Amino acid sequence: MLRFIQVIVCNLPRLYMIPRMAYKAKHTERYSEEECYAYARLAIRRMMRAGHITTRKYGTENLPAEGGYMMFPNHQGKYDALGIMYAHEKPCSVVIDDAKSHGILVKQFIDLVHGKRMVKEDLKQSIKIIKELAEDTKKGRRFIIFPEGGYYRNHNTVGVFKPGSFKSAVKARVPIVPVVLIDSYRAFEEWSLRPVETQVHFLKSICYEEYKDMTTTEIADLVHDRIVNTINGVLSPA
């Protein structure tokens, strides 16, 4: 939290970026998805510089070269989606809990990247978002979905993945990309201003042909295990 306060204070001269985000998000006829995403990544880089945050990226060669896909990372904190977007050069977006998406800056950022807001308590709305995700991904868009559904100060341990998180990928028949976050929680959870380094690992994508005969529970377990194995391998190498 202390680092988050520092980021806000250091970027006070750049408050103009918030209404600028809202303007670009609203005028899609003027600003392409690529332009909006580039502006979002500029905001992320400025935030990282102010917060003394470094993010190392690995496995970008594993990302599908063409078409849409869905990324499923472990969840550690507020920096997670930002770290992935910093590491992911092509435009991508994120699915976020509606209740957490309307604060100042968060709202403008989510609108800028054309994110999806899901109301967890509203089954009808959730089904609608799942359908939208499938349709948009079929058209070539890329999304970040956190299958744990939230973060609980779990640091580098991984919680249970919710099978329902994978329904949109199955419906769209698109590649699933497991994403590993390491030390991402340190960016905004630690009460410290010392420089911090996080890691983003893009694992080999799982194509539809590989998971088409699996249940969503089996898919969730497969992705979960690959992420856990990678974390263990990085933090406790043999």
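Strand 2 (residues 69–73) and strand 6 (residues 176–182) run parallel and are joined by four bridges. Strands here are DSSP runs of E, at least two residues long, and helices are runs of H or I, at least four residues long, each numbered from the N terminus. This is a predicted model, in which local features need pLDDT of at least 70 and side-chain atom pairs count only at pLDDT 80 or more, while totals for chains, interfaces and linings use all residues. Residues are numbered from 1 along each chain as its sequence is written, and side-chain values use heavy atoms, with hydrogens and water left out.

## The sheet around strand 2

Phe72 has Pro178 as its bridge partner in strand 6. Met70 stands opposite Ile176 in that strand. Strand 2 also runs parallel to strand 5 (residues 142–144), with three bridges between them. There, Met71 is partnered by Ile144.

These pairings belong to an open sheet of seven strands. The order is 1-7-6-2-5-3-4, and the pairing is mixed. Two strands count as paired if DSSP finds at least two bridges between them. Strand 1 (53–58) and strand 4 (116–118) are the edge strands, each pairing on one side only. From one strand to the next, the twist averages 25°.

How enclosed is strand 2 by the rest of the structure? Five of its five residues are buried, so strand 2 is largely enclosed. Buried means under 20% relative accessible area, exposed means over 50%, and partly exposed lies in between (1.4 Å probe, protein chains only). In a regular strand the side chains alternate between the two faces of the sheet. In strand 2, both faces are covered. Tyr69, Met71 and Pro73 are buried on one side, and Met70 and Phe72 on the other.

## Four residues compared

The table sets out location and accessibility for two helix residues and two loop residues.

| Residue | Location | Relative accessible area | Class |
|---|---|---|---|
| Ser168 | helix 7 (residues 167–172) | 1% | buried |
| His224 | helix 9 (residues 216–235) | 19% | buried |
| Arg153 | loop between strand 5 and helix 7 | 62% | exposed |
| Asp183 | loop between strand 6 and strand 7 (196–202) | 17% | buried |

Ser168 links back to strand 2. Ser168 and Met70 are 98 residues apart in sequence, yet their C-alpha atoms are 8.8 Å apart in space. Which residues are in contact with Ser168, leaving aside its neighbours within four places in sequence? They are Met70, Ile130, Leu133, Ala134 and Ile145. Contact means heavy atoms within 4.5 Å.

His224 is in contact with Val158, Gly159 and Phe161, again leaving aside neighbours within four places in sequence. His224 and Gly150 are 74 residues apart in sequence and 15 Å apart in space, C-alpha to C-alpha.

The two loop residues raise a backbone point. Most residues other than glycine have a negative phi. Arg153 is not a glycine, but its phi is positive, at about 50°. Asp183, also a residue other than glycine, has a positive phi near 60°.

## Helix packing at helix 3

Helix 3 (residues 33–51) meets helix 2 (residues 17–26), with axes that come within 10 Å and cross at roughly 160°. That makes helix 2 roughly antiparallel to helix 3. Angles over 145 degrees count as roughly antiparallel, under 35 as roughly parallel, 65 to 115 as roughly perpendicular, and the rest as oblique. Axes are lines fitted to C-alpha atoms, for helices over the stretch in contact, and angles run from 0 to 180 degrees between N-to-C directions.

The crossing of helix 2 with helix 3 is left-handed. A crossing is left-handed if the near helix is turned anticlockwise from the far one by less than a right angle, and right-handed if clockwise. Helix 2 contributes Met17, Arg20, Met21 and Lys24 to the contact, and helix 3 contributes Cys36, Tyr39, Leu42, Ala43 and Arg46. These residues divide into six nonpolar, no polar and three charged. Ala, Val, Leu, Ile, Met, Phe, Trp, Tyr, Cys and Pro count as nonpolar, Asp, Glu, Lys and Arg as charged, and the others, Gly among them, as polar.

Helix 1 (residues 2–10) also packs with helix 3, at an angle of about 115° and with the axes 8 Å apart. This crossing of helix 1 and helix 3 is right-handed. Arg3, Gln6, Val7 and Cys10 of helix 1 make the contact with Met47, Ala50 and Gly51 of helix 3. The contact residues divide into four nonpolar, two polar and one charged.
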